[in-house]
Amino acid sequence: PEVPLNKQGPGAHCRQTPTKPGTMSQKRAAFGSFHSDNVEDMIKDDGWKPPAEPADVASPAEASTPAAVEFGRKAKDLFLLDPDWVFVNHGAFGSPLRTSFESANRWRVHAERQPLRFIDRELFPHMVRSLKLMSKTIDCKPTDLALVPNATLALNAVFDSVPLTSKDSIFYLDCTYNSVKKMIRAACERTGATHVQKDLPFPLPAGSGKDAI
């Protein structure tokens, strides 16, 4: 029989399993913290009640993003971008929405006011709440969604999960982001698959239009 052991700190619950008389071994049993439930259980539970948003984190009414946004110069006011610049490089270093940036900052301040309470009691339930809200937005199951810190980690996870073989090929353009090229080459070296790069002519030949692409 398994004997519950004190949770080993944020990120892991452990149990002790007797192996021989007088000895104990540990194994991972769940994911949570000292004073929060198992994250996986919270995600799977359709009847789970999310915690209330802390009062010092709630967005002021005037900071809400409008439901309908007109693309173009008017949408620029939703970002922190310098209004005197025409910013076209969102693909490399994009700017978050002003309301998102301000909300994230309020969460940081809230966490720093009582870090022990936040990390040990509030963090994981609020992460589950965010995950469940996002799953509704993109219409998927909460169990099929994971929060990641950046796009590079997410893309690596995708490449690692694709069962490539020596019979597979990955096709990409020469304008593909360089870190993605490295992921493709690493995946092919690991699995025996081949990678095929197609160079785009630039500038495009006169009169070629979309046919060149």
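**Exercise 1. Locate Thr-191 in this predicted model, and decide whether Thr-191 is buried, partly exposed or exposed.**

Solution. As a starting point, Thr-191 is found in helix α6, in a model that is predicted. The next step is accessibility: Thr-191 has a relative accessibility of 24%, and because the partly exposed class lies between 20% and 50%, Thr-191 counts as partly exposed. Turning to its surroundings, and leaving aside neighbours within four places in sequence, Thr-191 is in contact with Leu-164, Thr-165 and Ser-166. A further pairing is that of Thr-191 with Pro-163, where the two residues are 28 apart in sequence while their C-alpha atoms are 8.3 Å apart in space.

**Exercise 2. Work out which class of accessibility applies to Lys-181, and list what Lys-181 touches beyond four places in sequence.**

Solution. Lys-181 lies in helix α6. Its relative accessible area is 11%, and since buried means under 20%, Lys-181 is buried. Once residues up to four places away in sequence are set aside, Lys-181 touches Tyr-172, Leu-173, Asp-174, Thr-176 and Gln-197. As for distance, Lys-181 and His-195 are separated by 14 residues in sequence and by 9.3 Å in space, taken from C-alpha to C-alpha.

**Exercise 3. Describe how helices α5 and α6 are oriented to each other, and name the residues through which they meet.**

Solution. Begin with the geometry: the axes of helix α5, which spans residues 151–161, and of α6 come within 10 Å and cross at roughly 25 degrees. Angles under 35 degrees count as roughly parallel, and α5 and α6 are therefore roughly parallel to each other. The crossing of α5 and α6 is right-handed. On the side of α5, Thr-152, Leu-155, Asn-156, Phe-159 and Asp-160 take part, and they meet Val-180, Met-183, Ile-184, Ala-187 and Arg-190 in α6. Sorted by class, this contact of α5 with α6 holds six nonpolar, two polar and two charged residues.

One residue of α5 can be followed a little further. Asn-156 is in helix α5, and with a relative accessibility of 32% it counts as partly exposed. The C-alpha atoms of Asn-156 and Ser-179 are 9.9 Å apart in space, although 23 residues separate the two in sequence.

**Exercise 4. Find the residues of the largest nonpolar core, and say which element gives the largest share.**

Solution. The largest nonpolar core consists of 10 residues, namely Phe-159, Leu-164, Ile-170, Tyr-172, Val-180, Met-183, Ile-184, Ala-187, Cys-188 and Ala-193. Two elements, β4 (169–173) and α6 (178–191), each supply at least two residues of this core, and the largest share, five residues, comes from α6. A second core, separate from this one, has eight residues, among them Ile-43, Phe-124, Leu-131 and Leu-145. Such groupings can be set beside a general tendency: in soluble globular proteins, nonpolar side chains tend to be buried together.

Met-183 serves as an example from the largest core. Not counting residues up to four places away in sequence, Met-183 touches Thr-152, Leu-155, Asn-156 and Phe-159.

**Exercise 5. Determine how helices α3 and α4 lie to each other, and sort the residues of their contact by class.**

Solution. Helix α3 covers residues 98–113 and helix α4 covers residues 115–137; they pack at an angle of about 135 degrees, with axes 7 Å apart. This angle falls within none of the ranges for roughly parallel (under 35 degrees), roughly perpendicular (65 to 115) or roughly antiparallel (over 145), and α3 and α4 are therefore oblique to each other. From α3, the contact draws on Trp-107, His-110, Ala-111, Glu-112 and Arg-113, and from α4 on Pro-115, Arg-117, Phe-118, Glu-122 and His-126. These residues divide into four nonpolar, two polar and four charged.

**Exercise 6. State what sign phi has at Asp-139, and place Asp-139 in the structure.**

Solution. Asp-139 is found in the loop between α4 and α5. Its phi is near 60 degrees, which is a positive value in a residue other than glycine. For comparison, most residues other than glycine have a negative phi. With a relative accessibility of 71%, Asp-139 counts as exposed.

**Exercise 7. Give the overall make-up of the protein in helices and strands, and the order in which they follow one another.**

Solution. The secondary structure comes to six helices and five strands, and along the sequence the pattern reads β-β-β-α-α-α-α-α-β-α-β. Of the 213 residues in the protein, 23% are buried. Finally, among contacts between residues at least 6 apart in sequence, 47% join residues at least 24 apart.

Notes:
Residues numbered from 1 in each chain as written. Predicted model: local features only at pLDDT ≥ 70, side-chain atom pairs only at ≥ 80, totals over all residues. Heavy atoms only, no water. Axes fitted to C-alpha atoms, helices over the stretch in contact; angles between N-to-C directions. Helix = DSSP H or I, 4+ residues; strand = E, 2+ residues; numbered from the N terminus. Contact = heavy atoms within 4.5 Å. Nonpolar A, V, L, I, M, F, W, Y, C, P; charged D, E, K, R; others polar. Core = buried A, V, L, I, M, F, W, Y, C linked by side-chain atoms within 4.5 Å. Buried < 20%, exposed > 50% of the residue type's maximum accessible area, 1.4 Å probe, protein only. Left-handed = near helix turned anticlockwise from the far one by under 90°.
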